[in-house]
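The exercises below are meant to be worked with the sequence and the structure open side by side. Try each task before reading the solution that follows.

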Amino acid sequence: MVVVTGQNKVSGNPDDAMSSSDAEDDFQEPATPTATQAGQSLPLLPQQFPEVVPLNVGGMCFTTRLSTLRRYEDTMLAAMFSGRHYIPTDAEGRYFIDRDGTYFGDILNFLRSGDLPPRERVRSVYKEAHYYSIGPLLDSLEDVQPLKGEKVRQAFLGLMPYYKDHLERIIEIAKLRAMQRKARFAKLKVCVFKEEMPITPYECPHFNSLRFERSESETKLFEHHCEVDVSFGPWEAVADVYDLLHCIVTDLSDRGITVDHQCIGVCDKHLINHYYCKRPIYEFKITWW
């Protein structure tokens with residue numbers, strides 16, 4: 001076989017030499033790289049987008065102007081459609097975003113005209129706004145219900161640094177007891193108290209005088225742990241015990257946990273002299289199925 005190089009002519013008999021077509025086949029230019037190959041080896045030229053952009057977001061189709069996607073510079077959508085990044089297309093030529101598109105229409109409505117979603121969709125759209133890094137939408141949603149109220153609620157819960165840990169403890173204890181007893185539900189005792197040392201009303205005058213003048217040894221006599229599974233408190237705020245109970249039940253329910261509760265009395269542990277702990281004790285019933 002005759003070797004063909006770029007500098008030497010073909011020599012030998014015509015029958016032994018490769019035809020010009022064979023040589024062209026062997027030395028043809030490489031095919032244009034696919035998007036996958038280009039992403040791995042060759043840099044892509046800036047991608048050009050039409051003025052009207054067809055989109056496929058997780059199987060849901062949308063159409064919008066390129067200027068809408070680029071409305072806010074510091075967003076993921078503006079970066080994606082800046083031309084600096086390669087965006088794949090589906091079989092119909094729509095630019096594909098691998099994300100659930102259920103709330104993408106709400107995202108586009110805000111980018112188009114500043115419209116906000118109805119209240120029942122606010123939390124879900126807020127999550128999508130986080131994903132796409134749309135700061136103006138995040139700010140707008142945080143100023144409407146229910147997120148505005150949630151901000152106030154979190155300010156209250158911030159007074160209890162172990163609130164989330166206590167929620168986890170409630171869940172773990174209830175789960176363990178239900179599994180051990182092969183039961184559908186589990187019960188546990190929870191103490192929720194606002195004041196550092198709750199007392200009965202008729203003790204208030206005596207308690208207040210002792211409260212500000214008691215010695216260190218007397219202070220220790222008032223310090224104790226109620227015989228419960230989990231204890232919340234104390235805190236200093238206008239919000240009371242029922243407000244915190246509402247927070248606990250709401251947060252457990254948001255995690256898909258069915259919970260009922262009722263007050264079953266007070267701790268009633270003897271502290272000192274005629275002082276007894278009057279922290280309320282609640283029975284929580286966690287139903288698993």
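Two strands are taken to pair if DSSP finds at least two bridges between them. The model used throughout is a predicted one.

**Exercise 1. Work out in which sense S1 and S2 pair, over how many bridges, and what lies between the two strands.**

Solution. Step one is to apply the criterion just given: S1 and S2 are joined by six bridges and run in the antiparallel sense. Step two is to pick out a single bridge, and here Val53 has Thr64 as its partner in S2. Step three concerns the connection, which is a hairpin with two residues between the strands, and Gly58 in this turn has a positive phi of about 60°.

**Exercise 2. Place these strands in their sheet, and identify the helix that packs on the sheet.**

Solution. Begin with the order, which is S2-S1-S3 in an open sheet of three strands with mixed pairing. The edges are therefore formed by strand S2 (60-65) and strand S3 (95-97), given that each of them pairs on one side only. From one strand to the next the twist averages 30°.

Next, consider the parallel part of the sheet, where strand S1 (residues 52-57) pairs with S3 over three bridges. In this pairing Asn56 has Phe96 as its bridge partner in S3, while helix H5 (residues 104-113) packs on the sheet, touches S1, S2 and S3, and has a direction at about 10° to that of S2. One further position to locate is Leu55, which stands opposite Tyr95 in S3.

**Exercise 3. Describe the sheet of four strands: what is its order, and which helices pack on it?**

Solution. The strands of this open sheet follow the order S5-S4-S9-S6, and their pairing is mixed. At the edges are strand S5 (230-232) and strand S6 (258-266), each of which pairs on one side only. On average, and with direction ignored, neighbouring strands are turned by 30° against each other.

To follow one pairing in detail, take strand S4 (residues 185-192), which is parallel to S5 and pairs with that strand over three bridges; in S5, Ser231 is the bridge partner of Cys191. Two helices can then be added to the picture. Helix H9 (residues 163-181) packs on the sheet and touches S4, S5 and strand S9 (280-287), its direction making about 150° with that of S4. Helix H12 (residues 241-254) also packs on the sheet, where S4, S5, S6 and S9 are touched, and its direction makes about 15° with that of S9.

**Exercise 4. Which residues of H9 are buried, and why can they be said to line one face of the helix?**

Solution. First list the residues with under 20% relative accessible area: in H9 these buried positions are Tyr163, Leu167, Ile170, Ile171, Ile173, Ala174 and Ala178. Seen down the helix axis, the buried residues of H9 fall within an arc of 165°, and so they line one face. On the other side of H9, by contrast, Lys164, Met179 and Gln180 are exposed.

Then ask what the buried residues meet, and the partners prove to be helix H8 (147-157), S4, S5, H12 and S9. As to its length, H9 has 19 residues and spans 27 Å from its first C-alpha to its last, close to the 27 Å expected at 1.5 Å a residue. After the helix comes Lys182, with a positive phi near 50°.

**Exercise 5. Trace the largest nonpolar core, and say which elements each supply at least two of its residues.**

Solution. In soluble globular proteins, nonpolar side chains tend to be buried together. The largest nonpolar core here has 30 residues, and those with the most contacts inside it are Tyr163, Ile170, Val192, Phe232, Leu244, Ile248 and Leu252. At least two residues of this core come from each of H8, H9, S4, S5, H12 and S9.

Leu252 serves as a worked example: with its neighbours within four places in sequence left aside, this residue is in contact with Leu167, Ile170, Ile171, Ile257, Val259 and Ile286. A separate core, apart from the largest, has 28 residues, among them Tyr95, Leu111, Val122 and Leu137.

To finish, return to H12, whose buried residues include Leu244, Ile248, Asp251 and Leu252, and note that the elements covering its buried residues include H8, H9, S4, S5, S6 and S9.

Technical notes: Residues are numbered from 1 along each chain as its sequence is written. This is a predicted model: local features need pLDDT of at least 70, side-chain atom pairs count only at pLDDT 80 or more; totals for chains, interfaces and linings use all residues. Side-chain values use heavy atoms; hydrogens and water are left out. Axes are lines fitted to C-alpha atoms, for helices over the stretch in contact, and angles run from 0 to 180 degrees between N-to-C directions. Contact means heavy atoms within 4.5 Å. The expected span of a helix is 1.5 Å times one less than its number of residues. Buried means under 20% relative accessible area, exposed over 50%, partly exposed in between (1.4 Å probe, protein chains only). The arc is that of the directions from the helix axis to the C-beta atoms. A nonpolar core is a set of buried Ala, Val, Leu, Ile, Met, Phe, Trp, Tyr and Cys residues joined through side-chain atoms within 4.5 Å.
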